[in-house]
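Hi,

Here is the structure I promised to pass on, with the sequence alongside. Have a look at it first, and then read my notes below.

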Amino acid sequence: MLDNIVVIKIGTGVLTREQDGTLDEASLVRLVTSVSELVADGVPVVMVSSGAVGAGVSALQLDGYPDDTASRQACAAVGQTRLMHAYETLFQKFQINVAQILLTSEDLDSDQRSGLVMNTLHRLLKGGNIVPIINENDSVAVEELRVGDNDMMSARVAKRLQARLLVMLSTVDGLQRADGSTVDMVTDLNEVASHVRADHGKFSIGGMASKLLAVGTAVEAGVETVIASGRKPSALAKIVAGGQAGTRFPVK
Ligand SMILES: Nc1ncnc2c1ncn2[C@@H]1O[C@H](COP(=O)(O)OP(=O)(O)O)[C@@H](O)[C@H]1O
Ligand SMILES: N[C@@H](CCC(=O)OP(=O)(O)O)C(=O)O
């Protein structure tokens, strides 16, 4: 079993344009380039990628995030193929293959099912030239059985994989204080709870509240976590090496 897996979660706002949710190719190129450098250095990377709902919105000619379940699931069905097509095309330039894994909460709740998924992930990572890309299976997930957002999905996957590190790439540089400055390190989540505002991206789900909830799950399970900017993914190598970028949540 690999013991140095790095899970990288990428938020919708990093991958899609705020106005219409369409995929932001330039951002994807930067991200894929930086992830490919990690893979070339021998780091086993599992990605958890959002963006499916946003990327499908234009096909359904909607103005914003769909309110009803059927529209959201339809957007995800269209957007997920767009997302994976983009990843596959870009990673191919680095001779890296991608593998799509769509999960529901039930898959993670069941020891047997999650065990099979983890075996699959380990098998995919064995050769060193495949990046598994996970998303919630939005188009089939029953509302009550959804993980709900990919922050928690990434934390649960990182926990189950006993990953070395979870990096959540978002539109912000990290956890911000009221004056906009970024907190470098957090050892007690209670001390920073007051920094959390209610705002979040147009096609994103949880905002900072769900990120900190997910951080709690990951850190408690022994997975160090960093929230950093997905607009500057070149910092990934530094983050993985333990350098300062974004907000780091070390394991106690
Ligand atoms: N204290 C805070 N620091 C940084 N971002 C915050 C804070 N409170 C709320 N936010 C919101 O959280 C957003 C990031 O979460 P979200 O929109 O869900 O992004 P993602 O798509 O990357 O998951 C920021 O753009 C901002 O609107
Ligand atoms: N499964 C959804 C993820 C939604 C979500 O969690 O978004 P985000 O808050 O941007 O990580 C999608 O692909 O659109």
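Asparagine 150 sits in helix H7, which covers residues 150–161. Keep in mind as you read that this is a predicted model. With a relative accessible area of 8%, asparagine 150 is buried, since anything under 20% counts that way. Setting aside neighbours within four places in sequence, asparagine 150 is in contact with Lys9, Val48, Ser49, Ser50, Asn135 and Glu136. Two of its side-chain interactions are worth pulling up on screen. The side chain of asparagine 150 comes to 3.5 Å from the backbone oxygen of serine 49, and a polar contact of 2.9 Å joins it to the side chain of serine 50.

So where does serine 50 sit? Its place is in the loop between E2 and helix H3 (52–57). Serine 50 is buried too, at 10% relative accessibility. Leaving out residues up to four places away in sequence, serine 50 touches Lys9, Ile10, Gly11, Thr12, Leu15, Leu83, Asn135 and Asn150. If you compare the two contact lists, Lys9 and Asn135 turn up for serine 50 and again for asparagine 150.

Both residues also come up in the annotation. The unreviewed UniProt entry lists Ser50, Asp138 and Asn150 under "binding site". These residues are spread over 101 residues of sequence, yet they cluster in space, with a largest C-alpha distance of 10.8 Å. Ser50, Asp138 and Asn150 are also included in the lining of the largest pocket. That is where I'd start looking.

Aspartate 138 brings us to the charged pairs. How many salt bridges does the structure hold? The count is nine. Here are some of them:

- Aspartate 138 and arginine 146 meet through their side chains in a salt bridge, 3.0 Å from N to O. Arginine 146 is buried at 14% relative accessible area, and aspartate 138 is buried at 8%.
- Glutamate 25 pairs with arginine 17, and the closest N and O atoms are 2.8 Å apart. Here glutamate 25 is partly exposed at 47%, and arginine 17 is partly exposed as well, at 29% relative accessibility.
- Arginine 248 forms a salt bridge with glutamate 224, with 3.3 Å between the closest N and O atoms. This pair links distant parts of the chain: arginine 248 belongs to strand E7 (residues 247–249) and glutamate 224 to strand E6 (residues 224–229), 24 residues apart. Arginine 248 is buried, with a relative accessible area of 7%, whereas glutamate 224 is partly exposed at 22%.
- Lys9, Asp151 and Lys211 are linked in a network of salt bridges. Lys9 is a residue you have already met, as a contact of asparagine 150.

Next, the strands. Which strand is largely enclosed by the rest of the structure? That would be E4 (residues 130–136), because six of its seven residues are buried. E4 has parallel partners in E2 and E3. With strand E2 (residues 45–49), E4 pairs in the parallel sense over two bridges, and methionine 47 stands opposite isoleucine 133 of E4. With strand E3 (residues 97–103), the pairing is again parallel and runs over seven bridges. There, leucine 102 has asparagine 135 in E4 as its bridge partner. Asparagine 135 is also one of the contacts of serine 50, which ties this strand back to the residues I began with.

One last spot is valine 251, which lies in the segment after E7. At 37% relative accessibility, valine 251 counts as partly exposed. Neighbours within four places in sequence aside, valine 251 is in contact with Val219, Gly222, Val223 and Glu224. Glu224 is the residue that forms the salt bridge with arginine 248. Valine 251 and aspartate 188 are 63 residues apart in sequence, and their C-alpha atoms are 10 Å apart in space.

Over to you!

How values were computed. Residues are numbered from 1 along each chain as its sequence is written. Chains are lettered from A and ligands numbered from 1 in the order in which they are written. This is a predicted model: local features need pLDDT of at least 70, side-chain atom pairs count only at pLDDT 80 or more; totals for chains, interfaces and linings use all residues. Side-chain values use heavy atoms; hydrogens and water are left out. A salt bridge is a side-chain nitrogen of Lys or Arg within 4 Å of a carboxyl oxygen of Asp or Glu. Buried means under 20% relative accessible area, exposed over 50%, partly exposed in between (1.4 Å probe, protein chains only). Helices (H or I, at least four residues) and strands (E, at least two) are DSSP runs, numbered from the N terminus. Contact means heavy atoms within 4.5 Å. Two strands pair if DSSP finds at least two bridges between them. UniProt positions are given in the numbering used here, feature names are shortened, and annotations may be inferred rather than shown by experiment. On a 1 Å grid over the protein atoms alone, a cavity is a set of points where a 1.4 Å probe fits but cannot get out, and a pocket is an open set with protein on both sides within 12 Å along at least five of seven lines; lining residues have an atom within 4 Å of a point. A polar contact is a pair of N or O atoms within 3.5 Å; within protein, one must be able to donate a hydrogen and the other to accept it, and residues adjacent in sequence count only if both atoms are side-chain atoms.
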